[in-house]
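Trainee: Before we go through the details, could you show me how to read a model with more than one chain, feature by feature?

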Amino acid sequence: MATNAEPAPSPTWWQRVLIGRNPKRTLVRIVVLVAVSLVLFKFVLQPIRVQGGSMLPTCREGGIHFVNRLAYLFHEPRRGDVVAIRLLAGEHVMYMKRIVGLPGETVAFRQGRLYINGQPLNEPYVKLPGNWEHEPEQVGPDQYYVVGDNREMPWHDHTKGRPTRDLIVGKILL
Amino acid sequence: MKNWLFRVILVAALVALGIWGWRVFFPNPEKIIRKRLGELAKAASFSPNEGDVAKFWNVSLLADFFTPDVQVKLEVPGSWHTISGRDELLRAAVGVRSAVSSLTIEFPDIKVTVAPDRTSAVVNLTAKGKVPGERDFYLQELRMRLTKVKRDWLIHQVETVKTLS
């Protein structure tokens with residue numbers, strides 16, 4: 001015996017906006033979107049929030065940036081790159097600094113100017129210059145010399161140094 | 001069929017009970033240390049409306065986390081400062097509470113390495129201190145050495161370590 005089934009009522013405009021014409025397909029899309037976002041923001045582009053002013057004016061306090069964790073998959077970090085450096089205990093707090101010295105080089109500051117292997121380095125990104133004085137420091141074979149862009153800060157208040165390559169998490173997208 | 005299902009549920013419940021019991025009677029040292037450090041961060045933090053009695057009481061609670069002969073080596077710009085013994089450490093804690101109106105301590109990252117004999121451990125951690133009203137927070141990397149005394153994990157050495165100077 002055949003019966004005439006009543007046609008399903010067409011979804012209202014707000015149902016279409018919220019869950020689409022096909023709820024199953026919408027659900028699959030949401031699951032895929034969530035999975036892709038989780039992988040993307042955990043392993044590829046990690047979001048970070050800036051706290052502190054050592055990278056002024058390049059990175060402002062409270063600003064959100066992304067760390068490209070795959071940036072150094074095919075090449076080593078380069079001079080001028082702004083990088084995220086993890087601490088020994090983990091990655092919940094990281095330093096954001098600029099690479100100025102490469103492995104094997106010597107780094108010095110004279111009257112606020114940066115010298116690499118005795119030669120002055122042009123630093124157009126330094127808008128807040130200072131008068132730092134620091135004797136030449138040798139960068140180790142697996143180390144990079146990193147420093148912030150805000151050189152107006154007193155030398156002792158500004159965190160800088162020579163992290164090893166394995167502590168550099170990725171390149172900051174500015 | 002019902003009998004079969006009942007047996008499966010019973011076995012699953014027994015396994016779950018066994019795992020729970022194992023964790024209760026033989027807790028993972030790393031978990032205990034992490035919990036203990038969380039309690040330490042809480043004990044080291046203080047609010048502005050802390051009265052004198054509360055101040056001394058709360059500082060005395062810190063004693064439970066350290067061995068009597070604890071050694072603390074802190075690097076402040078340009079020099080090292082050493083605190084020897086639990087009493088001196090508690091006096092320093094009282095001094096901090098007198099100098100700063102309030103302080104919030106957090107350990108966002110804790111990396112625990114337990115020795116094979118499970119009686120000592122090394123902890124690398126990131127300590128974050130925030131004084132209300134100040135724009136920046138204080139960040140310090142620390143390395144702690146802990147010893148198991150009876151059933152408690154006590155800190156017997158603390159020193160600052162630096163990824164960057």
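Mentor: Let us begin with the division into domains, keeping in mind that this is a predicted model. Chain A is divided into domain 1, covering 13–42, and domain 2, covering 50–173.

Trainee: How far apart do the C-alpha centres of domain 1 and domain 2 of chain A lie?

Mentor: The C-alpha centres of these two domains of chain A are separated by 40 Å. A pair of residues gives another view of distance: A:Arg29 and A:Arg113 are 84 residues apart in sequence, and their C-alpha atoms are 54 Å apart in space.

Trainee: Where does A:Arg29 lie, and is A:Arg29 buried or exposed?

Mentor: A:Arg29 belongs to helix α2 of chain A, which comprises residues 23–44. For exposure one counts neighbouring C-beta atoms, and a residue is called exposed if 12 or fewer others lie within 10 Å of its own. A:Arg29 has 12 other C-beta atoms within 10 Å, and therefore counts as exposed.

Trainee: Which secondary structure elements does chain A contain, and why is chain A described as more spread out than a compact globule?

Mentor: Chain A has 2 helices and 10 strands, and from the N terminus on its elements run α-α-β-β-β-β-β-β-β-β-β-β. The radius of gyration of chain A is 25 Å, well over the 16 Å that the globule rule gives for 174 residues, and chain A is therefore more spread out than a compact globule. Along the principal axes, its C-alpha trace spans about 95 × 30 × 30 Å. Of the 174 residues in chain A, 25% are buried, and among its contacts with a separation of 6 or more, 54% come from residues 24 or more positions apart.

Trainee: How should I read the same features in chain B?

Mentor: Chain B has 4 helices and 6 strands, which follow the pattern α-α-α-β-β-α-β-β-β-β along the sequence. With a radius of gyration of 21 Å, well over the 15 Å that the globule rule gives for 165 residues, chain B is likewise more spread out than a compact globule. Its C-alpha atoms fill a box of roughly 75 × 35 × 30 Å along the principal axes, and 17% of its 165 residues count as buried.

Trainee: In which sense do β3(A) and β4(A) pair, and over how many bridges?

Mentor: For strand pairs, one looks at the sense, the bridges and the connection. β3(A) and β4(A) pair in the antiparallel sense over 6 bridges, and a hairpin of 2 residues joins them; A:Leu87 stands opposite A:Gly90 in β4(A). β4(A) also pairs in the antiparallel sense with β9(A), residues 145–147, over 3 bridges, and there A:Arg98 stands opposite A:Val147.

Trainee: How many residues of chain A are in contact with chain B?

Mentor: There are 17 residues of chain A in contact with 17 residues of chain B. On the side of chain A that touches chain B, the elements giving two or more residues are β3 (82–87) and β4 (90–101), and β4(A) gives the most, with 4 residues. By type, that side of chain A divides into 9 nonpolar, 7 polar and 1 charged.

Trainee: Which residues touch the most other members of the largest nonpolar core?

Mentor: Of its 48 residues, A:Val83, A:Ala84, A:Ile85, A:Met96, A:Val146, B:Val123 and B:Leu125 touch the most other members. Leaving aside residues up to four places away in sequence, B:Val123 touches B:Ile33, B:Leu37, B:Ile110, B:Lys111, B:Val112, B:Met144 and B:Leu146.

Definitions and conventions. Residues are numbered from 1 along each chain as its sequence is written. Chains are lettered from A and ligands numbered from 1 in the order in which they are written. This is a predicted model: local features need pLDDT of at least 70, side-chain atom pairs count only at pLDDT 80 or more; totals for chains, interfaces and linings use all residues. Two residues are in contact if their C-beta atoms, placed from the backbone, lie within 7 Å. Ala, Val, Leu, Ile, Met, Phe, Trp, Tyr, Cys and Pro count as nonpolar, Asp, Glu, Lys and Arg as charged, and the others, Gly among them, as polar. A residue is buried if 20 or more other C-beta atoms lie within 10 Å of its own, exposed if 12 or fewer, and partly exposed in between; C-beta atoms are placed from the backbone. A nonpolar core is a set of buried Ala, Val, Leu, Ile, Met, Phe, Trp, Tyr and Cys residues joined through C-beta atoms within 7 Å. Domain bounds come from an automatic or database domain assignment. The radius of gyration is taken over C-alpha atoms; the globule rule is 2.2 Å times the number of residues to the power 0.38. Two strands pair if DSSP finds at least two bridges between them.
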